[in-house]
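Dear colleague,

I am passing on the structure we spoke of, and below it you will find notes on what was found. Please look through the structure first and then read on.

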Amino acid sequence: MNRINRIELFHVDVPLPRPFHPSWIPGYPQKHVRYTLLRLITEDGLEGISAGNAFGREREGLGDLLGSFLLGLKADDLETVRKRLREASYLGWRNWWIEAAFWDLKGKIEGKPVYRLIQEKDEIVLKVPVYASSGEVRAFDQRRQYLDTIRSMGFKAVKIRVKDPNRQDDTTILKQVRKELGDKFTVAVDANQGWPVSLVDPTPIWDLEYATAFGHTCDELGIAWIEEPLDQHDWDGMAELRKRVKTRIAGAELLGDWHEVRSLFEHGCLDIYQPDATFCGGLTVSKKIMGECRKRGLDFSPHTWTNGIGLMINLHAFAAWEKRLLLEYPFEPPAWIPEWRDGIIRPLLVNGDGTVDVPQEPGLGIHLDEAKLRKYGKRFYVATPIRVAVKAVRDLGLKTALELKRKRDG
């Protein structure tokens, strides 16, 4: 039986060569790529990998929560896995990113890449088209070289970030980029209004009227989509904006689970759904969102801006979607490039035709570089049946621990 026999958790901290200034945290100089790495090992020696984005070491106590919930589960019993993760969320954090490690194991058990487990019709997908997703707000004179770089790499599409602190001029950069790239190059824009963060500098908050005026300029410029122009829970505002402008509206990247995304569908909020499987209910919910988009004639393109493992997980979700127009490829040199973004795995590089290769081996196709993991990672938790049993005896006493084991085994 492929039951989970060992759980390992690592803090991963990959230093960047220079500070990166994410548009979603105005004023914050990010100097590291940080995430929690999960490695699951079955009785038969199969390994499942996933990673959850982290600000620091906030998941230090996660292991004590996971050990008793996940040890002994059948690796391919996703229904029970999701039930356990939901139960754990009542007592601790939401951790849907963990689910991908079980999909990784399921793919290895069934001998298929994960994307073929979740697509509607069984189809081999060797590569998918990607767009260059910038991460910083930059003036055009600082952005011009970036545009030259992505064109030379083979990209045919780009997403620009905007966030004028005074909420007065968020369109000039789009006009300049459109003029520079011409009408045939796909240009999209991300306002990062869905989940505003004012940790350092205040985030300028858009309202419906400002988003409408911005959208009308996007209409004139032929912008492919406007991402997160309003708060992710402003269902009525997004639905109204979608009526007012021609440019497609995109979002839903960090919603917590299907019940939150369902409200967007019910209110008619979006043209493009962008769930991130490491946040939004896992790959199971990504698959469910695909089905709803298919039924309603809408588009699907996952959010991927977390780390290299998160990108790989969402690459499988996108490869399972039959339209496959464009997938986000986080790229903001000199700091946010594949070498640092992907850190402890083999970098996912762009082909000369603006595509990336889709892994064809069973599972997610994620291979940890053990040398880099030792360099950038620190293991902070290991769970095995014996370790968990010893802890239970220490915490609860032998009699109670044996009684709980009897009930669980039953």
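The side chain of Thr36 makes a polar contact with the side chain of Arg59, at 2.9 Å. Please bear in mind that this is a predicted model, and that the values in this message are computed from it.

To stay with that residue for a moment, Thr36 sits in strand β2, which covers residues 30-42. Its relative accessible area is 1%, and because buried means under 20%, Thr36 counts as buried. Leaving aside residues up to four places away in sequence, Thr36 touches Leu9, Phe10, Ser50, Ala51, Gly52, Ala54, Arg59, Trp97 and Phe380, so Arg59, its polar partner, is also on the list of residues that Thr36 touches.

The second place to look at is helix α9, which runs over residues 258-267 and whose buried residues are Trp258, Glu260, Val261, Ser263, Leu264 and Phe265. The cover over these buried residues includes α8 (235-244), β9 (272-273) and α10 (282-296). Just after α9, Gly268 takes a positive phi of about 70°.

Within helix α9, Leu264 may serve as an example, since a relative accessibility of 2% places it among the buried residues. Not counting residues up to four places away in sequence, Leu264 touches Gln232, Trp235, Met238, Ala252, Leu255, Cys269, Leu270 and Tyr273. Thr172, by contrast, is 92 residues from Leu264 in sequence and 30 Å from it in space, taken from C-alpha to C-alpha.

As for the protein as a whole, it has 15 helices and 13 strands, and its C-alpha trace spans about 70 × 45 × 45 Å along the principal axes. A compact globule of 410 residues would have a radius of gyration near 22 Å, and the protein, with 22 Å, agrees with that. Of the 410 residues, 56% count as buried, and among the contacts with a separation of 6 or more, 73% are accounted for by residues 24 or more positions apart.

The protein exposes about 17,600 Å², of which carbon and sulfur atoms supply 51%. There are 61 positive and 59 negative side chains, and the centres of these two sets lie 4 Å apart.

With kind regards

Key:
Residues numbered from 1 in each chain as written. Predicted model: local features only at pLDDT ≥ 70, side-chain atom pairs only at ≥ 80, totals over all residues. Heavy atoms only, no water. Buried < 20%, exposed > 50% of the residue type's maximum accessible area, 1.4 Å probe, protein only. Helix = DSSP H or I, 4+ residues; strand = E, 2+ residues; numbered from the N terminus. Contact = heavy atoms within 4.5 Å. Polar contact = N/O pair within 3.5 Å; in protein donor to acceptor, adjacent residues only side chain to side chain. Rg over C-alpha atoms; globule rule 2.2 N^0.38 Å. Areas by Shrake-Rupley, 256 points an atom, 1.4 Å probe, with all protein chains shown as cover. Lys, Arg positive; Asp, Glu negative; His and termini not counted. Charge placed at Lys NZ, Arg CZ, Asp CG, Glu CD.
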